[in-house]
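Trainee: I've got this one open and I'd like to zoom in on a single spot. Could you take me through the surroundings of one lysine, and then show me how other parts of the chain come together?

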Amino acid sequence: MKKLATLGLLLIGGAAHAQTCNWNPVWRDDFDGTALDRSNWSLEVNGDGGGNGELQYYVDRPENMWVSGGILNIKAIREAYNGKTWTSARLRTKNAQDWTYGKIEARMRLPKASGTWPAFWMMATESQRDNHGWPNNGEIDIMEAAGTHEDISGTLHYGAYWPYNGNTGWPNPDNLIAPEPGRTKTDWHTYAVEWYEDHMVWSIDGVPKITSSRSVLDGPNPLRSNWDSFHNRPFHIILNLAIGGWFPGFPDGSEGPEQLMQVDYVAVYKNDDTWSIEGDTYVYRGETYKKYRVDGPASASYNWTLPAGVTLVSGQGTREIVAAIGNTARSGNFSVSFNSGCSLKTVSKPVTIEQGHTQVLANYESGLGLTHLQNGVAMGSSAVVNNPLPQGANTSARVLRYIRDASQPWDNLKITGFGHVNAGELRSGRAKIFVDVFYPAGTPDLLGKELGGGLENEAVVSVTPNWDGNTGRLARFSGTLGRAGEWRTQELHYTGTPDSNIAASQADNLVLMIDAGHTNAAEVYLDNVRIVWPDNGYSLKQTIADFDGTSNGAIKPAPYTSGALAVVANPAPGAANASPNVLRYVRDTGATYDTLAFNGISGIPDAMDAKHGMVRVAVDVYTTAPAGTIISLNLENELLAASVPASDWQVGRYSFHQAETTKTGQWETLEFNYNFAAALGDWANNRRSANFNEVDQLIFLITPGVASSGIFYFDNFRVMEYNKDAPASGASSSSSSSSSSSSTSSQPVSSSSSSIPSSSSSSSSTPVSSTSSSLSSSSVSSSLLLVSGGKPVTASTSLQAASAAVDGNEGTRWESAHGIDPSWLILDLGSTQNLSQVSIHWEAANAASYQIQGSNNGTSWTTLKTVTGGTFGDRTDIHAVSGSYRFIRIYCTERSAGNLWGYSIWELKVYAQAQAPAALAIASASASTSLLPASMAVDNNPGTRWESYHALDPSWLQLDLGSSRSLSSIAIDWEAANAADYQVLGSNDGSNWTSLASYSGGAFGNRTDTLNLSGNYRYLRINGTSRSTGNQWGYSIWEVRVLGW
């Protein structure tokens, strides 16, 4: 057909084109010629049904996909094929054309028939470092159409993890583009999304139709950002025609046996609001070849600036550079300035730089080294050959040449002989597997094919039948191959734990598979098979229990804890653990699943952090049980888990973690690594796994599944937080992709310190002003404290999050499932409070009758107030209550007349009587710089101190109280090298700061400053702006104390 507006100035692949202040084309495929451009597109081959119960098998054959007359044709055919009833095609640009921000557009003609599901959409090419896949990675649906309907959908998918699939199509759809007179999807139309840093706009034929934004997806102060799924990472384009599934429904027989989707062109545009830097968001110190580009005008001059410690190897002045990450580099912005043709632009990309040390499993400078087996047969020395293209990401002289056996769908390369590695760090995603991969142009094209892999235990898999692909497999990984003719460092992402019954430390085989499940030929070159272990380290976030007076959780009595326990003197005090008192625990010999249970846990507000290793539970252990004893950990929601028998093991559980003793008769620190997740989403029957923000209970299991005996001494149950910034100076080891060393480094040692600074209390309080009531009246006196703000909250059912009822935002609300009486909301105050008043701001869909109940164990309830006669409509109920309780339940028994929905609360506020301010526990401390650790300023030891670097103004010490607290005062014990002038700042997010107090004119020498504070803050910062006269050093503090409630 005649092409639309051919852009004569546009040269595909990023050559010169005219620049305007509007949208500038940076890539386009007009599907000219007679074949698909396989350097830009790959076809998926699978019958997975897209995870939606679809009926088609995606194939790569000319019957289902062809290019002709400037048109890409995708045809779905009704036929029996590999167990499916239809065939079709799905194309993607992954690792060929990947984009961050811009206008992504296609001109298309769609089928209109029962069960058809044409789609033009995008998925993330680079994963967020702290996620485990879809939907957290993000999905941008530019155009979807269903069956015979004329509606067009433009949807965003996000959310913490499956099965929690957040999307803009539910429960309040704002993704629908309604039918319009004269528009039918069987005609040609242009569908596009304009993707900006903080919002998106969907259009048809150039006319904007719907929008979404960060503010809509996140609201104020989100615990975990949904919009971050679409921020600062490249996505690739997908075109496909599905048949059946939940979205269009299944074909009813009225459709023809062949359905056709046609695409005239696909194009990407940029403007001054969407220029972006493309390149890796996450890198390691020591990497010597990292490419970054900006798709601006070819005629412009580009000035790149990089963080300190990062070297610009080549490309200054051009659109694409190569950077080397030095051993002292810190996370920061990669920036470039250029004239866009419209204005002088500076574009930045935040890049996270981590410290890691590399364990090389295999490289080939000196031959095969380790045993390499292809389909069980040992490879010979002739497999090691000269590097076919020693440049770019790999400059080694010798590499491994691997010829895939096309007769074997499960052709595999097994590397063994490197000893044991611990799969736990790899499951969490903190450690990573990398492989350098190359395949020549002109050989079978592998663009978009999967390089899969797994860690195995040889002793188990060697006696496992071939049909059993799970037993003995400790972790699976996958990556997507790039273009031909260039070396690429391929990261293998964790995808699952097939066998969780084997200790994670017992992995001694690595298996790699190219295009698994298919009988395709391939010639591939491999090098530098390696694991990069994290070295940023961990810092104390919160002490759960140390048996010397600190407690942010309680041990539950029998039957929840099955063994016998007592606090006793430390049996072997020493460097690893010098605490006076520890917990003695005698395992219940008759229990297959012996449990030690803690409830009241507040230190893991976002359990996804525990899943991906950003926080980690640790404990000191002393036992005479043999080394190799497995101790596992469940992260749970107490009320959900208690609602079902123990055999229903996924209900109320969030994730399962594992550790293993390595010593006997000595203290050691065990760190619990992620093992696998609970994934149960039966909301209709309230049988679901715990959400990531509902974890309030920890269950430790000693030798789970095996009845055994033993005496264990435990101490310092704690939550550790991964240091997001690399240490100030780096180690010499690195993750260099062109490493030529053939040695294998040792496994990483424990990254959590065994010394335990003071930890935080779980309670928080905030003073409030008076409010009014529609049913009862009372005022909030100045002697009352708000004790409910931001506390853990659970509900019988939730269409909108229970946490929205205590987030301090009158614009968000909890909403129960509709038509269910009774329904309830439970608030955990963290500790027993002397209650005075409860205020409930109801949304229109409210309760006519309800009770306010109190409890100290979350199971036995006392009615504090009974309310009847409530009317439909927005209202606030204020009730005086009394008694000392930890848990508050709003127990709704009857909806108001006219309420056809459920129960909905804008804000629930619980007040307690104020008491004299007390010393607040400080969860952790950090600093702008440290010659002596920041933790020494909060260790309750007047003989230790924090000291900043010398002669740096300003310098600061930051305190984390663990949660927002109501503040009264701060006392600072300065060492002689102190501040003349400083401020005390407060923050609730660690980024936005409010000045609380200031001090000036301080004299050199030891002194204590006490300053009054007010307000509710989690973080405090002592910001020294000038040093006292005579202070030639820096800033130094012996101890800091904070008073409040």
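Mentor: Sure, let's start with Lys94. Setting aside its neighbours within four places in sequence, Lys94 is in contact with Thr125, His236, Leu447 and Thr480. One of these contacts can be described further: the side chains of Lys94 and Thr480 make a polar contact at 2.9 Å. Keep in mind that this is a predicted model.

As for where the lysine sits in the chain, Lys94 belongs to the loop that runs between β7 (90-92) and β8 (98-99). Now for the charge. Lys94 is buried, yet it has no salt bridge. The nearest side chain of opposite charge is that of Glu450, and it is 5.1 Å away. A salt bridge needs the lysine nitrogen within 4 Å of a carboxyl oxygen, so the polar partner to look at here is Thr480, through that side-chain contact of 2.9 Å.

Next, have a look at Tyr282, which is found in strand β21 (residues 282-284). Its relative accessibility is 17%, so Tyr282 counts as buried. Tyr282 and Ser127 are 155 residues apart along the chain, but their C-alpha atoms are separated by 9.5 Å.

For a covalent link, go to the disulfide; the structure holds 1. Cys21 and Cys342 form it, with their sulfur atoms 2.1 Å apart. The pair ties together distant parts of the chain, 321 residues apart: Cys21 is in the segment before β1 (24-29), while Cys342 is in the loop between β26 (332-339) and β27 (344-354). The torsion about the S-S bond of Cys21 and Cys342 is about 105 degrees, so this disulfide is right-handed. Both ends count as partly exposed, with Cys21 at 48% relative accessibility and Cys342 at 32%. Cys892, on the other hand, is buried, with a relative accessible area of 0%.

Last stop is an open sheet of 6 strands with antiparallel pairing. Going across, the order is β41-β44-β52-β46-β47-β49. Its edge strands are β41 (554-555) and β49 (673-677), each of which pairs on one side only. Inside that order, strand β46 (residues 630-636) pairs with strand β52 (residues 697-702) in the antiparallel sense, over 6 bridges. If you want a place to put your cursor, try Asn634, which stands opposite Ile699 in β52.

Technical notes:
Residues numbered from 1 in each chain as written. Predicted model: local features only at pLDDT ≥ 70, side-chain atom pairs only at ≥ 80, totals over all residues. Heavy atoms only, no water. Helix = DSSP H or I, 4+ residues; strand = E, 2+ residues; numbered from the N terminus. Buried < 20%, exposed > 50% of the residue type's maximum accessible area, 1.4 Å probe, protein only. Disulfide = S-S within 2.5 Å. Lys, Arg positive; Asp, Glu negative; His and termini not counted. Polar contact = N/O pair within 3.5 Å; in protein donor to acceptor, adjacent residues only side chain to side chain. Contact = heavy atoms within 4.5 Å. Pairing = 2+ DSSP bridges.
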